[in-house]
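Colleague: Could you take me through one part of this model closely, one residue in its loop to begin with, and then work outwards to the helices and the other loops? I would enjoy a connected account rather than a list.

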Amino acid sequence: MTLPDPRTTELAQHLGAVRERIETAMAARQASTVADAAAAPPTLIVVTKFHPAADVLRLRSLGVADVGENRDQEAAAKAAEVAVTDLRWHFIGQLQSNKAKSVVGYAHSVHSIDRVSVATALGKAMARQQETDGRADLQCFIQVELTDPYASLAAEGHDVPAGPSGRGGASPSSVLQLAEHIAGTPGLMLAGVMGVAPLGVTPGPAFELLANVSAQLRSTHPGATGISAGMSHDLEAALAAGATHLRVGSDILGPRPAVL
Ligand SMILES: *Cc1c(COP(=O)(O)O)cnc(C)c1O
């Protein structure tokens, strides 16, 4: 028997610390009367962008089943290099329609659908892919722009910047229309909503808005229960607001290079 390499030991420690934070936050959520206390533990997606395929394999040996990537070129190469079939790859970055064909070749889900044209491209790509290899439907999250609450808070005199820069996504009012389009496209499965809290502000209001958009969506699409929210620095706030999927990178893998 060989000892684990130092990097595996480090990843195991970081992963353990994040799992503990999730347990603590889930215990708080179940004790609260505010959230509807969804009992199921969230899906932890470990974001491996900028880190090598070897780290993905180390994470898998530590029981990680879900990994996230935000750029198609890097993700496609890594998925090919790792070449294990029991990992789920989640595409979480901005997506251009011309990458749809590549993305459906490896991705279990896309979290960043923000417009009809991207959904259409994914649907076309899935039709071909399913004909070729019969793959399962693509799980689709609608990314929602979450800056709205901060403008209102600033207008009410709270100490928040009036226009925190958005992190992308469809406007909350356009989500239902986009959802109809996804739900009506063969090969695409409407999974829920996704959001990234604006930088430099307390994330609570953003995640509350996301939870409200999710509730509205579920009233017409009861199966779309996913709420993908929460990263290294705000996973507690996201879980308090009902997150079902977390996307955690740097607190597990360490810092990414600051400049590409
Ligand atoms: C990089 C990234 C994450 C992970 O961020 P960390 O702060 O490293 O945990 C989550 N979501 C998206 C969309 C990302 O691009």
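Modeller: Happily! Ala243 sits in the loop that links α9 (235-240) to β8 (245-248). This is a predicted model, so please read everything here as computed from it. Although it belongs to a loop, Ala243 has a relative accessible area of 1% and is buried, because the cut-off for buried is under 20%. Setting aside residues up to four places away in sequence, Ala243 touches Arg29, Pro42, Ile227, Ala229 and Ala238. Val116 makes a useful reference point elsewhere in the chain: Ala243 and Val116 are 127 residues apart in sequence, and their C-alpha atoms are 24 Å apart in space.

Following the chain from that loop into the strand brings us to Val248, which is part of β8. Val248 has a relative accessible area of 0%, so it counts as buried. Val248 and Val47 are 201 residues apart along the chain, yet 5.5 Å separates their C-alpha atoms. Beyond its neighbours within four places in sequence, Val248 is in contact with Val18, Leu44, Ile45, Val46, Val47, Met231, Ser232 and Leu235.

Several of those partners point us to β1 (43-47), and the loop between β1 and α2 holds Phe50. Phe50 is not a glycine, but its phi is positive, near 70 degrees. Most residues other than glycine have a negative phi. With a relative accessibility of 27%, Phe50 counts as partly exposed.

From there we reach the pair α2 and α3. The axes of α2 (residues 53-61) and α3 (residues 72-82) come within 9 Å and cross at roughly 55 degrees. That angle makes α2 oblique to α3, and the crossing is right-handed. On the α2 side the contact involves Ala53, Val56 and Leu57, which meet Lys78, Glu81 and Val82 of α3. Sorted by class, the residues of this contact are four nonpolar, no polar and two charged.

After α3 comes another residue with a backbone angle worth checking. Ala83 lies in the loop between α3 and β3 (88-91). Ala83 has a positive phi of about 50 degrees, again without being a glycine. At 57% relative accessibility, Ala83 counts as exposed.

Now back to Val116, this time as part of a helix contact. The axes of α5 and α7 come within 10 Å and cross at roughly 10 degrees. The two helices are therefore roughly parallel. Val116, Ala119 and Thr120 of α5 make the contact with Leu178, His181 and Ile182 of α7. In this contact there are four nonpolar, two polar and no charged residues.

How are the buried residues of α7 arranged when seen down its axis? The residues in question are Val175, Leu178, Ala179 and Ile182. Viewed down the axis of α7, these buried residues fall within an arc of 105 degrees, so they line one face of the helix. Leu178 and Ile182 are among the buried residues of α7, and both also take part in the contact with α5. The cover over the buried residues of α7 includes β4 (107-113), α5 (116-133), β5 (138-143), β6 (188-194) and α8 (204-220).

Since α8 is part of that cover, let us look at its meeting with α6. The axes of α6 and α8 come within 8 Å and cross at roughly 125 degrees. This pair is therefore oblique, and the crossing is right-handed. From α6, the contact is made by Asp148, Pro149, Tyr150 and Leu153, and from α8 by Gly204, Pro205, Ala206 and Leu209. By class, the contact of α6 with α8 has six nonpolar, one polar and one charged residues.

One more loop ties α6 to α7. Gly166 is found between α6 (148-155) and α7 (175-183). The relative accessible area of Gly166 is 41%, so it is partly exposed. Leaving out neighbours within four places in sequence, Gly166 is in contact with Glu145 and Thr147. Gly166 and Val196 are 30 residues apart in sequence, with 8.4 Å between their C-alpha atoms.

How values were computed: Residues are numbered from 1 along each chain as its sequence is written. This is a predicted model: local features need pLDDT of at least 70, side-chain atom pairs count only at pLDDT 80 or more; totals for chains, interfaces and linings use all residues. Side-chain values use heavy atoms; hydrogens and water are left out. Helices (H or I, at least four residues) and strands (E, at least two) are DSSP runs, numbered from the N terminus. Buried means under 20% relative accessible area, exposed over 50%, partly exposed in between (1.4 Å probe, protein chains only). Contact means heavy atoms within 4.5 Å. The arc is that of the directions from the helix axis to the C-beta atoms. Axes are lines fitted to C-alpha atoms, for helices over the stretch in contact, and angles run from 0 to 180 degrees between N-to-C directions. Angles under 35 degrees count as roughly parallel, over 145 as roughly antiparallel, 65 to 115 as roughly perpendicular and the rest as oblique. A crossing is left-handed if the near helix is turned anticlockwise from the far one by less than a right angle, and right-handed if clockwise. Ala, Val, Leu, Ile, Met, Phe, Trp, Tyr, Cys and Pro count as nonpolar, Asp, Glu, Lys and Arg as charged, and the others, Gly among them, as polar.
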